[in-house]
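Please describe this model of protein and DNA. How do the parts meet?

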Protein chains: 2
Amino acid sequence: MDFSIGELARRTKVKVPTIRYYEQIGLMPPPPRSQGQQRRYDDSHASRLNFVRHARELGFEVDDIRELLAMSAKPNQSCAEIDDMARRHIAEIDRRIAHLTTLRAELRRTVDECGRGRVCECRVIEALGDNSHEHGRLDKARSRR
Amino acid sequence: MDFSIGELARRTKVKVPTIRYYEQIGLMPPPPRSQGQQRRYDDSHASRLNFVRHARELGFEVDDIRELLAMSAKPNQSCAEIDDMARRHIAEIDRRIAHLTTLRAELRRTVDECGRGRVCECRVIEALGDNSHEHGRLDKARSRR
DNA sequence: CCTTGAACCTCTAGTTACTATAGGGATTAG
DNA sequence: CTAATCCCTATAGTAACTAGAGGTTCAAGG
């Protein structure tokens with residue numbers, strides 16, 4: 001039913017020291033311990049850690065992730081606040097998907113050209129490099145814990 | 001026609017010390033200098049730096065970006081090699097878009113619920129937290145410069 | 001029960017990718 | 001020509017990990 005930090009690492013592909021680090025900075029809750037002071041985890045920990053890992057891979061900063069986690073499983077928080085947070089994150093996600101889609105299109109074009117035996121010319125820089133669609137990052141004025 | 005590092009920073013929203021850092025690690029080429037040893041940039045630098053910035057925001061590591069840059073503007077490179085690189089990056093981009101889409105859907109559902117005056121319950125962890133769609137990261141066995 | 005080897009503990013130090021500061025020189029507006 | 005502003009190098013600090021040292025706990029086999 002519950003398992004060690006090593007097992008959690010295996011299940012989530014997050015390294016053991018990283019899990020302890022996430023506990024230190026408050027991304028993961030301090031889990032119960034065995035008699036000998038060893039950490040004991042359950043499925044909810046694995047789920048949360050998987051979320052953190054995916055979010056990090058997608059380029060979200062720790063503060064963004066803290067905010068997303070705070071949104072989750074706090075049913076009676078201010079609706080207006082959650083709504084605002086969620087909207088900001090949706091806008092940022094939209095921008096990222098747009099960029100990734102553009103980049104993918106250019107890579108596909110390159111693969112396609114290569115396949116037809118043409119000279120391989122890849123113009124990814126032009127795809128993401130121009131200021132044609134300017135935008136700002138996620139608002140950073142948020143409370144730090 | 002050409003401009004200073006400060007102007008480049010303003011145009012790309014990349015901080016001045018970061019630009020110099022990118023030069024140090026080879027993401028940006030060493031630009032020509034003025035008589036007084038000050039860096040002089042042109043539009044091609046701005047374009048390349050914009051690409052780097054966007055790619056970093058999307059969560060690509062410096063080594064990934066180096067690879068993408070290497071693909072670009074080297075028309076007579078081995079087609080097979082470029083094709084392979086591009087395909088690997090496309091696969092990774094597909095995974096990221098899928099994750100972002102899932103996350104966005106959950107945030108939208110949350111906003112929607114909030115709007116209807118229901119109790120705000122956001123289940124982003126469940127959206128990205130489960131092992132339902134397991135996958136590996138981009139292959140890391142690549143030559144370091 | 002007792003051993004023994006793998007896995008765990010804390011703590012510290014190193015890595016990557018920036019970011020800021022100090023002390024001094026170059027550029028440009030008046 | 002001078003004063004404000006920007007640029008230079010070099011070093012140190014931060015965020016988010018990652019690895020290692022030195023010692024403890026757990027659990028499988030005898």
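A polar contact is a pair of N or O atoms within 3.5 Å. One such pair joins B:Gln38 to DNA strand D: an N or O atom in the side chain of B:Gln38 is 3.4 Å from a sugar or linking oxygen of the strand. Keep in mind that this is a predicted model.

## DNA strand D

Which residues come nearest to DNA strand D? Of the 17 residues around the strand, they are A:Ser34, B:Ser4, B:Gly6, B:Arg20 and B:Arg39. Sugar and phosphate make up 88% of the strand's atoms that come within 4 Å of the protein.

B:Ser4 reaches the strand through its side chain, where an N or O atom is 2.6 Å from a phosphate oxygen. B:Arg39 uses its backbone instead: a polar backbone atom there is 2.8 Å from a phosphate oxygen of DNA strand D. Two elements give two or more residues to the surface near this strand, namely helix H2 (16–24) of chain A and helix H1 (5–12) of chain B. H2(A) gives the most, with 4 residues. By type, the residues of this surface divide into 5 nonpolar, 8 polar and 4 charged.

## DNA strand C

Now turn to the other strand. DNA strand C is surrounded by 18 residues. The closest are A:Ser4, A:Gly6, A:Arg20, B:Ser34 and B:Arg56. Of the strand's atoms within 4 Å of the protein, 87% belong to sugar or phosphate, and the rest belong to bases.

Three contacts with phosphate oxygens of DNA strand C are listed here.

| Residue | Protein atom | Distance to a phosphate oxygen of DNA strand C |
|---|---|---|
| A:Arg20 | polar side-chain atom | 2.2 Å |
| B:Ser34 | polar side-chain atom | 2.8 Å |
| B:Gly36 | backbone N or O atom | 3.1 Å |

Helix H1 (5–12) of chain A and helix H2 (16–24) of chain B are the elements that give two or more residues to the surface near DNA strand C. The largest share, 4 residues, comes from H2(B). The residues of this surface divide into 5 nonpolar, 9 polar and 4 charged.

## Where the two chains meet

How many residues does each chain bring to the contact between chain A and chain B? Chain A brings 59 residues, and chain B brings 59 residues. Together the chains bury about 5300 Å² between them. Carbon and sulfur atoms carry 67% of that area. A:Leu58, A:Leu100 and A:Ile125 supply 12% of the area that chain A buries against chain B, more than any other three residues.

Charged and polar pairs also link the chains. Side chains of opposite charge can pair when their charged atoms come close. There are 2 salt bridges between chain A and chain B. In a salt bridge, the side chains of B:Arg104 and A:Asp94 meet at 2.5 Å, N to O. The two chains also have 6 residue pairs in polar contact, counting pairs with both residues at pLDDT 80 or more.

Which helices of chain A build its side of the contact? Helix H3 (43–57), helix H4 (62–71), helix H5 (79–115) and helix H6 (124–129) each supply at least two residues. H5(A) gives the largest share, 21 residues. The side of chain A that touches chain B divides into 27 nonpolar, 13 polar and 19 charged residues.

## How the two copies are related

Lay chain A on chain B. A turn of 180 degrees and a shift of 0.0 Å along the axis do this with an RMSD of 0.1 Å. The two copies are therefore related as by a two-fold rotation axis. Of the residues of chain A, A:Gly59 comes closest to the rotation axis, with its C-alpha at 2.0 Å. Both copies use the same surface: 100% of the contact residues of chain A recur in chain B.

## A salt bridge within a helix

Over all chains, the structure holds 30 salt bridges. One pairs the side chains of A:Glu7 and A:Arg10, at 3.0 Å, N to O. How far apart are these two residues in helix H1 of chain A? A:Glu7 and A:Arg10 are 3 residues apart there, so about one helical turn separates them.

Key. Residues are numbered from 1 along each chain as its sequence is written. Chains are lettered from A and ligands numbered from 1 in the order in which they are written. This is a predicted model: local features need pLDDT of at least 70, side-chain atom pairs count only at pLDDT 80 or more; totals for chains, interfaces and linings use all residues. Side-chain values use heavy atoms; hydrogens and water are left out. A residue is near a molecule or strand if one of its heavy atoms lies within 4 Å of it. A polar contact is a pair of N or O atoms within 3.5 Å; within protein, one must be able to donate a hydrogen and the other to accept it, and residues adjacent in sequence count only if both atoms are side-chain atoms. Ala, Val, Leu, Ile, Met, Phe, Trp, Tyr, Cys and Pro count as nonpolar, Asp, Glu, Lys and Arg as charged, and the others, Gly among them, as polar. Contact means heavy atoms within 4.5 Å. Buried area is the accessible area (1.4 Å probe) that two parts lose on being put together, summed over both. A salt bridge is a side-chain nitrogen of Lys or Arg within 4 Å of a carboxyl oxygen of Asp or Glu. Copies are superposed by least squares on the C-alpha atoms of residues with pLDDT of at least 70 in both.
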